[in-house]
Amino acid sequence: MADLEHVRVEWDADLAIVTVDRPEKLNALNAEVVRELGEVFSSLRDDDNVRGVILTGAGSKAFVAGADIGELATMDSVSGVRVSRDGQEVFRAIERFPKPVLAAVGGYALGGGCELALACHLRIASDRARFGLPEVSLGIIPGYGGTIRLARLIGLGRAIELTLTGDMVDAERAHEIGLVSSVVSSETLIDEAKTLIRRVTKNGPIAVRMALESIYRGLDTATAEALDFESSLFGLLASTEDMREGMEAFLEKRKADFKGR
Ligand code: COA
């Protein structure tokens with residue numbers, strides 16, 4: 001992860017805290033930020049010391065205020081497809097990340113920033129957060145998966161309304177419509193993010209990974225096939241040391257010590 005200019009990685013034990021760090025542009029995603037995010041997630045994926053990732057934005061105003069409009073303004077239809085594909089690839093890698101990824105949204109999450117939060121497995125917001133997909137106001141559409149993921153998360157009607165109006169919603173409304181799981185104060189955002197993600201990482205890591213795989217596969221597959229896939233993963237987990245440890249710990253009335261094996 002050498003030479004990162006706009007993405008910072010810090011550690012809290014086995015959690016990686018990844019910060020998009022371009023506050024003077026409200027953490028807008030230019031090509032370099034997208035590339036760096038891809039590099040960071042690719043290196044964290046294979047790091048056995050990482051059990052979970054919190055993704056956030058630097059400064060008090062923004063999570064990420066969208067794709068960099070200065071860059072987008074120069075695209076033609078060929079480079080437009082490439083911009084969209086490059087972003088989609090990185091966001092897909094986040095969605096497919098084998099450990100839980102939580103977006104801690106402390107300000108504007110607009111356009112590509114909202115889409116970035118949507119690609120994460122979990123989302124919490126501070127009371128200052130604002131969400132929206134304003135792309136149509138710029139004469140484009142969300143190109144990093146937003147037209148697909150928002151409807152899956154909050155339902156078709158609400159997603160269509162937000163996408164076609166380009167309106168912003170505040171944190172309370174985002175909570176009401178299921179866009180985030182909780183709203184906390186700005187001061188406690190990162191601590192609350194750590195608390196929530198640790199409720200996940202205390203569980204069997206292989207089980208968490210397989211649960212994510214089954215849930216996401218289920219979205220893209222016919223029910224019969226998705227159920228078969230779930231059964232295969234269920235069976236596979238029965239061969240892990242973690243399953244034995246989890247069940248023994250329950251029967252012995254102690255806390256499980258999962259090794260990820
Ligand atoms: N791309 C490029 N630059 C951006 C940006 C974006 N998506 N969002 C904010 N910035 C830049 C501004 O141009 C400004 O830069 P400058 O100081 O060099 O002029 C700086 O970040 C601060 O933003 P500013 O607009 O002055 O802050 P504000 O508090 O008045 O408004 C927003 C905040 C988020 C409402 C406003 O910045 C905005 O609408 N941003 C664009 C959101 C958007 O449409 N995103 C989707 C893109 S596809």
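Let me begin with a term: a helix here is a DSSP run of H or I with at least four residues, and helices are numbered from the N terminus. With that in hand, please keep in mind that what we are looking at is a predicted model.

I will start with the enclosed space. The count comes to 1 cavity of 30 Å³ or more, and the volume of the largest cavity is about 70 Å³. Its lining is made up of Glu95, Arg96, Phe97, Pro98, Arg209, Leu212, Glu213 and Tyr216, and helix H9, which covers residues 205-220, provides the largest share of that lining, namely 4 residues. If we sort the lining by class, we find 4 nonpolar residues and 4 charged residues, with no polar ones. Both domains take part, since at least three lining residues are drawn from domain 1 (7-201) and at least three from domain 2 (205-251).

Let me turn now to the nonpolar interior. The largest nonpolar core has 47 residues, and those with the most contacts inside it are Val18, Leu37, Phe41, Val53, Leu55, Phe63 and Phe131. Helix H1, residues 31-45, contributes the largest share of this core, 6 residues. A second core, separate from that one, has 11 residues, among them Ile54, Leu189, Ala193 and Leu196.

Which residues does valine 18 touch, leaving aside those up to four places away in sequence? The partners of valine 18 are Val7, Arg8, Val9, Leu37, Val40, Phe41, Leu44, Val53, Ile54, Leu55 and Thr56. Ile54, then, is touched by valine 18, while Ile54 itself is included in the second core.

Methods. Residues are numbered from 1 along each chain as its sequence is written. This is a predicted model: local features need pLDDT of at least 70, side-chain atom pairs count only at pLDDT 80 or more; totals for chains, interfaces and linings use all residues. Side-chain values use heavy atoms; hydrogens and water are left out. On a 1 Å grid over the protein atoms alone, a cavity is a set of points where a 1.4 Å probe fits but cannot get out, and a pocket is an open set with protein on both sides within 12 Å along at least five of seven lines; lining residues have an atom within 4 Å of a point. Grid points are joined across faces, edges and corners, and a volume is the space filled by probe spheres set on the points. Helices (H or I, at least four residues) and strands (E, at least two) are DSSP runs, numbered from the N terminus. Ala, Val, Leu, Ile, Met, Phe, Trp, Tyr, Cys and Pro count as nonpolar, Asp, Glu, Lys and Arg as charged, and the others, Gly among them, as polar. Domain bounds come from an automatic or database domain assignment. A nonpolar core is a set of buried Ala, Val, Leu, Ile, Met, Phe, Trp, Tyr and Cys residues joined through side-chain atoms within 4.5 Å. Buried means under 20% relative accessible area, exposed over 50%, partly exposed in between (1.4 Å probe, protein chains only). Contact means heavy atoms within 4.5 Å.
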